[in-house]
Amino acid sequence: MSCFYPEPFSAGTEFESSDEVIIALSPGNRVLLAGERLPHAAELPVGEKRRLRIGRIDDAVCTVLDAESSEPDAPFRRVEIREALTVLDEPEQIALCRARTLTFWRHNRRYCGCCGHELVDRAEECARSCPACGAVFYPQIAPAVITAITDERGRLLLAHNSRFREGVYSLIAGFVESGESMESAVRREIREEVGLEVKEIRYAGSQSWPYPNSLMIGFTAKYAGGEIRPDGVEITDARFCTPSDMPDIPSPGSIARKLIDQWLKQQQETQKG
Ligand SMILES: [Zn+2]
């Protein structure tokens, strides 16, 4: 089975193989696809263009290229990263998320936070270091929790976030704060955003969310008490829903949608059984 192997990043123009996998990122979080996969150097000549090597898929080197945003010719197409993640296989998904996260980080980590000197890439590990004072900086991942909460009747809590498009509802999510466990973060976020208490918190999968550097960790939990009180800032409305009275939900490709779909499937099976 194919696998993605991360490597320390290195910038350059010459990489050895024609099966080099090219991750061509363009503004607006878009990436170039060849049909339903990432293109290879043999079909997308990149010549002397500067690229960032970030790892391998099996023996094929993966590089990131800053691309223009003009419309490509068939069979290539430019799609949003989020959409690409719904069609790529797992090693390519990992490569794409890593490409998005690392290029953003590297662009924003240009100077030393201790002395202000310009940083350089380290050859032996995925990091940048300061030639003047020796400080080393590593890319950071920001963990965030997202929870599918059901009540005693099996209904799912869906909430409208003020940042969402009008009418779209999703699950309660938020970043893990320093010092917290993931379970503590689940309980706190739900209490803060909708005023509910939960129990039976169970891990339900995770997903890289490279905008710019999150790891979404999914949970299920059961309602344990309280009345729904949206905080009015982040969450403007929330309610327990049945499959027949669902508002609009996030499009496929997010862990939110995956958890909602899993709940829908369970509800259908319960009805059949
Ligand atoms: Zn320094």
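What percentage of the 273 residues of the protein count as buried? The answer is 30%. Keep in mind as you read that this is a predicted model.

## The whole protein

Let's start with the big picture. The C-alpha trace spans about 60 × 50 × 35 Å along its principal axes. The protein has 4 helices and 15 strands, so you'll meet plenty of strands below. Look also at how the chain contacts itself: among contacts between residues at least 6 apart in sequence, 65% join residues at least 24 apart.

The protein is divided into two domains, with domain 1 covering 4–108 and domain 2 covering 142–272. Their C-alpha centres lie 32 Å apart. Where the two touch, domain 1 gives 9 residues and domain 2 gives 6 residues. On the domain 1 side, helix H1 (81–84) and helix H2 (90–108) are the elements that give two or more residues. H2 supplies the largest share of that side, with 5 residues. Sort the residues of this side by character and you get 4 nonpolar, 2 polar and 3 charged.

## The six-stranded sheet

Now find the open sheet of 6 strands, which has the order S1-S4-S5-S2-S3-S6 and mixed pairing. Its edge strands are S1 (4–12) and S6 (76–80), each pairing on one side only. Neighbouring strands here are turned by 30° against each other on average, direction ignored. A bit of background helps: strands of a sheet pair through backbone hydrogen bonds, either parallel or antiparallel.

Walk along the sheet from S1. S1 and S4 are antiparallel and share 6 bridges, and one pair to look for is serine 10 with its bridge partner in S4, arginine 53. S4 (residues 51–57) is then joined to S5 by 5 bridges, and these two run antiparallel as well. Here leucine 52 stands opposite valine 64 in S5. S4 and S5 form a hairpin with 2 residues between them, and aspartate 58 in the turn has a positive phi of about 55°.

What about the next neighbour in the order? S2 (residues 21–26) and S5 (residues 60–66) run parallel, with 5 bridges joining them. In this pair, leucine 25 stands opposite aspartate 66 in S5.

## Helix H2 and its proline

H2 turns up again at this sheet. The helix lies across S1, S2, S3 (30–34), S4 and S5, and runs at about 150° to S4.

Proline 91 is found in H2. Is proline 91 buried or exposed? Proline 91 counts as buried because it has 21 C-beta neighbours inside 10 Å, and 20 or more is what a residue needs to be called buried. Leaving out residues up to four places away in sequence, proline 91 touches Ser2, Cys3, Phe4 and Ile57. Take serine 2 from that list: proline 91 and serine 2 are 89 residues apart in sequence, yet 6.7 Å apart in space, C-alpha to C-alpha.

## A three-stranded sheet

There is also an open sheet of 3 strands, in the order S7-S8-S9, with antiparallel pairing. S7 (120–121) and S9 (136–137) are the edge strands, and each pairs on one side only.

Zoom in on S8 (residues 128–129), which is joined to S9 by 2 bridges and runs antiparallel to it. Arginine 128 has phenylalanine 137 as its bridge partner in S9.

## Helix H3

H3 (residues 182–194) has 13 residues and reaches 18 Å from its first C-alpha to its last, close to the 18 Å expected at 1.5 Å a residue. Just after H3, glycine 195 takes a positive phi of about 75°.

Which residues are buried in H3? They are Ala185, Val186, Arg187, Glu189, Ile190, Glu193 and Val194. In general, an α-helix has 3.6 residues a turn, so residues three or four places apart point the same way. Try tracing that rule along H3 in the structure. What covers the buried residues of H3 includes S10 (142–150), S11 (156–161), S12 (172–175), S13 (197–209), S14 (214–225) and S15 (235–241).

Note on methods. Residues are numbered from 1 along each chain as its sequence is written. This is a predicted model: local features need pLDDT of at least 70, side-chain atom pairs count only at pLDDT 80 or more; totals for chains, interfaces and linings use all residues. Two strands pair if DSSP finds at least two bridges between them. Domain bounds come from an automatic or database domain assignment. Two residues are in contact if their C-beta atoms, placed from the backbone, lie within 7 Å. Ala, Val, Leu, Ile, Met, Phe, Trp, Tyr, Cys and Pro count as nonpolar, Asp, Glu, Lys and Arg as charged, and the others, Gly among them, as polar. Axes are lines fitted to C-alpha atoms, for helices over the stretch in contact, and angles run from 0 to 180 degrees between N-to-C directions. The expected span of a helix is 1.5 Å times one less than its number of residues. A residue is buried if 20 or more other C-beta atoms lie within 10 Å of its own, exposed if 12 or fewer, and partly exposed in between; C-beta atoms are placed from the backbone.
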